[in-house]
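User: I would like to go through this structure and ask how each label is earned. Please set the values against the definitions.

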Amino acid sequence: MKVKNVLTAVLCGWLAIDAWAQTVISGKIVSAETNEPVVGANIRVDQSLAGCTTNGKGEFNISNLPEGTHNLRITHVSYNPKSVTAKSGEKNLLIKLQESFTNIGQVVVTGTGTHHRMTDSPVPVAVITAKDLSNASVTTLDEALQKLTPSFSSMTNGMGTFLSLNGLSEDYYIFLENGKRLYGDDTYQRINLSRVKRIEILSGASSALYGTNAIGGVVNIITNEAKNAVNVSSDTRYGSKGRFTESVSADVNTGKFGSYTSYRRQQADGWQLSPYEENSKTGELEETAKVASTGFYSNTVSQKFTFDATDKLSFYVRGGYYDNKTRRPYDAYYYNLLHETFNYGAGAQYMISRGNYITADYHSDYYSSTYCFFKDYKTYNALAGDEQVRKRTRNHNLNIKGIFRLGDHHKLSVGTEYITDVLKSQTDNIDKEDVYTFALFAQDEIKLLDNLQALIGLRYLYHENFKNHATPNIALMYKPGRFNLRASYSTGFRAPTLSEMYATDIAKTTDRMTIGNLDLKPEKSNYFSLNAEYVHERFSVSVNAFYNKIRDMIDYRTVATGDEAMEQYGHKEVRQRDNIAKAHIYGINVSANAYLGAGFNLNAGYTHLSTEDETLEQPIDKSIKNAYNINAQWGHSWKIYSLNVNLNGRINSKRFSKSYGYAPNYQLWDLNTRHTFHLKSFILEPGCGIENIFDYVDDRPYNSNYATLNPGRSFYVSLSLRFKD
C-alpha cells in the first residue's frame, strides 16, 4: 500500500508540473508599416529560458511558463527590437515592429561571452546575418567570409583552401559553432549555411575567453533553432561546373521536447585554369591533366534533441557526421583524399534568476584524413585500392561556466575548461600521442557610469607539456551620444600541436623530410585596438585600428642538406619545426552601411594591412595589403511577392606567398536575384544570378600562386521551400 501511495504521489507531482509547464502566451507579430506578418521573429522571456519563433503567418506560441506577468523581448534582423509585457495565459497579442534600416539591434555573444546588442558590446564584433547570406547566395562558409567581409582572404592549393583573418592563417584563430570549438582540419567546410542564423567575427587576440589558438580572432557560427511546432525547409542550388548543393532540415517542437535534424549534400566537378604546367627543371610549359580546383562530394548530417524540463532548466544532446572525398582525374593523380568527422555532445543550462545562470557542456570530435589510392604508387609503397591514414585526431572538451550579476554594476563570468587532444598517424608512424589542458577563467563587466563601461578578464591554463600560462585582457567603452568609442588590450596564446611536436613528414617527390620538435614553446601575442563607431537609424560607420605582435612563431629551420642530410637522415633535405620567427601586423578595418531610401541599401568594407615577418624581413605568408567589399541591394514587396536584387563586389590586392611569390590583384562581381512568395505557412523562394560578371580568370600555368580559382562567368539557379507552423 505504501508503494502504491508513493507512486500515486509521484504521478500527481508530474501531472502538476506538466500542467504548470503548459501555461501559454500566444499572439501575432506584424510590421507596423504594412501590417504584414513578420516571419522568423525571435521571442524570449525575461528571467526564463523559454521562447519561440514566429511561423509563416507571424504567429507565436510560448509554453512552459509559470503563472504571472512576463516581459517578452522580440528581435528580428530587419526590425527594431521591442519589449512587451504579457500575463501568462494571455492570447491573441498583436505586436507591431518598426522596420530597421541598419543592423543596430543585432544581439551578439562572442565579444564577451554574454549577450549584448552590437552597439553595447565593449568589444567590437562584426556580424553576417542569415539575410546577408541569402542575399549573396553563398553556399560555403569560406565563400561567405570572403564575399561579405574584407578581413578575410584565401589561398587554395592541392591540399585545400586556407583562410586568413587580418593577415594570420587559420592556425591562429578558431571556429566555434554555438560557442563550441570545432576541431579537425576541415572546420569551416562542414558548416551547413542553410542552418546559420548569424556569423559573429571577433578580431584580435582572445585567449582570455577562448584559450589556445585565439591569437588572430574567433569566428562563431550561430545556428537557427527556431522553436516552431513544425519547421521544414529545402534549399537547392545548381551552378556551372557541376556545383550542386542540397540542404534539407526538419525541426519539431512540442513545448518541452525539440528535435532539430539537417542534411546537406555538396558536390562539384574539377576544372583547369590552364592546360599547361611549368617543368621545374627546364622551365618550359608542358601539357597537364592536373586541375586547379579539385572535384569532390561531401555529406553533412546533424541531429540535436532538446528537453526543457522547466522554463529555467534545459538539456540537450547532439551529434553529427561529415565526409568529404576528392574526385581527382585518373590520368594525373594516384589517390583521392577522404576527410571524415564524427562529433557528439551534451549539455545543460540552469537559470538561477534574471541574468544569473550556469551552463555545462561536453563535446567530442573525431577527425580522420586518409589517402585512397586508385592506382599503384611506388613512392608510397601503395597498390590500387589501398588506404593509408595520414592523420587521425580525437578531441574532448568539458566546459562549465557561470554568469552572475553582482548588483547593478558588475556582471561576472567564471568557469573551467578541460581539453584532451589525441593524435594518430599511419603515414607518420605515430601510434598514439595525447595531451591535456586545464583552464580557469574569470571576467568582470563593470558599469562605471551610465555611458562608460570596462571589461577585465584573465585565463589561467595548465598545459601538460608547457605548464603554467596566464592570458589577461582589458577593454573600455565610452558612449557619448550616437558615438561608441572603444579601446582594448589582450593577449594571445597558441600551444604547439601534437603534429608539430611529433609528426615526421616526408615529401617523397622532392625527398625532403620535416621532423618534429619536443622542445617547442607556445606562441604568444600582444594585441592593441582602438575603435570608433557612429550609429544612426539610417546610417552607421565603424573604424577599427589595431596592432598585433606575435613572438616565438613556429616555422621551419633547415637542419641539413645534400650529402650531410643523405648520410645522417637518408634524404636530400631535412628541416625541423622551431620557434624561430616573430611578426607584427598593423591594420585598419572600416565598415559602413546606409539606407538610401526607396528600398536601396549600400554596404561597404575596407581592410588595410601592413604585415611583416621580422625574421625574414618580408610580408607574412598568405597576407594581402588591401581588400574591399561592396554590396548594393534593392528590395520591394507587392502583397505576397517580394523581390530582392543584390550586387556584390570583392576587390583584392596582391597576395604574398613565401613559396610562390605574389598572386595578382583581382576583382569579382556577382549579381543575385531572389523572388519570395509568402503563401501563409509556406514560403517559396526561387533565385537566379550571374557570378563573376566580368569573366575574370587567372589562367597562368598549373601550380601558380593563383589569385582566385574562379572558373569565369557562370550562372546559377536556386530554389528554397519553407514550411513554418
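User: Which residues are buried in α3?

Analyst: This is a predicted model, with residues numbered from 1 along each chain as its sequence is written. Local features need pLDDT of at least 70 and side-chain atom pairs pLDDT 80 or more, totals for chains, interfaces and linings use all residues, and side-chain values use heavy atoms, leaving out hydrogens and water. In α3, the buried residues are L141, D142, E143, A144, L145, Q146 and K147. Buried means under 20% relative accessible area, exposed means over 50%, and partly exposed is in between (1.4 Å probe, protein chains only). Helices (H or I, at least four residues) and strands (E, at least two) are DSSP runs, numbered from the N terminus.

User: Why is helix α3 called largely enclosed by the rest of the structure?

Analyst: Helix α3 covers residues 141-148, and 7 of its 8 residues are buried, so the helix is largely enclosed by the rest of the structure.

User: What makes S137 stand out, and why is S137 counted as buried?

Analyst: S137 is in the loop between α2 (130-136) and α3. Its phi is near 55°, a positive value in a residue other than glycine. Most residues other than glycine have a negative phi. S137 has 11% relative accessibility, so it counts as buried.

User: Where is K241, and why is K241 called partly exposed?

Analyst: K241 lies in the loop between β18 (230-239) and β19 (243-253). Its relative accessibility is 38%, so K241 counts as partly exposed. Phi of K241 is also positive, near 65°.

User: What makes K180 and D361 a salt bridge?

Analyst: A salt bridge is a side-chain nitrogen of Lys or Arg within 4 Å of a carboxyl oxygen of Asp or Glu. For K180 and D361 the N to O distance is 3.8 Å, so the pair meets that definition. K180 lies in strand β15 (residues 180-181) and D361 in strand β26 (residues 356-373), so the pair ties together parts that are 181 residues apart in sequence. Both K180 and D361 are buried.

User: How do you know that R577 and D505 form a salt bridge, and are the two residues buried or partly exposed?

Analyst: Their side chains meet at 2.7 Å, N to O. R577 is in strand β37 (residues 573-597) and D505 in strand β33 (residues 505-507), so this pair ties together parts 72 residues apart in sequence. R577 has 6% relative accessibility and so counts as buried, whereas D505 has 33% and is partly exposed.

User: How many salt bridges are there, and which distant parts of the chain does the pair K479 and D120 link?

Analyst: The count comes to 27 salt bridges. In the one between K479 and D120, the closest N and O atoms are 3.4 Å apart. This pair links the loop between β31 (467-478) and β32 (483-494), where K479 is found, to the loop between β9 (116-117) and β10 (126-129), where D120 is found, 359 residues apart. K479, at 24% relative accessibility, counts as partly exposed, and so does D120, at 29%.

User: What makes a space a cavity here, and how many are there?

Analyst: On a 1 Å grid over the protein atoms alone, a cavity is a set of points where a 1.4 Å probe fits but cannot get out, and lining residues have an atom within 4 Å of a point. Volume is the space filled by probe spheres set on the points, which are joined across faces, edges and corners. There are 4 cavities of 30 Å³ or more. The largest has a volume of about 70 Å³, and the second largest holds about 50 Å³.

User: Which strands and residue classes supply the lining of the largest cavity?

Analyst: β28 (410-425), β29 (430-449) and β30 (452-463) each supply at least two lining residues, and β30 gives the largest share, 3 residues. The lining has 5 nonpolar, 4 polar and 3 charged residues. Ala, Val, Leu, Ile, Met, Phe, Trp, Tyr, Cys and Pro count as nonpolar, Asp, Glu, Lys and Arg as charged, and the others, Gly among them, as polar. The lining of the second largest cavity has 5 nonpolar, 5 polar and no charged residues.

User: Why is S659 called exposed?

Analyst: S659 has 64% relative accessibility, so it counts as exposed. S659 sits in the loop between β41 (655-657) and β42 (661-663).

Key. On a 1 Å grid over the protein atoms alone, a cavity is a set of points where a 1.4 Å probe fits but cannot get out, and a pocket is an open set with protein on both sides within 12 Å along at least five of seven lines; lining residues have an atom within 4 Å of a point.
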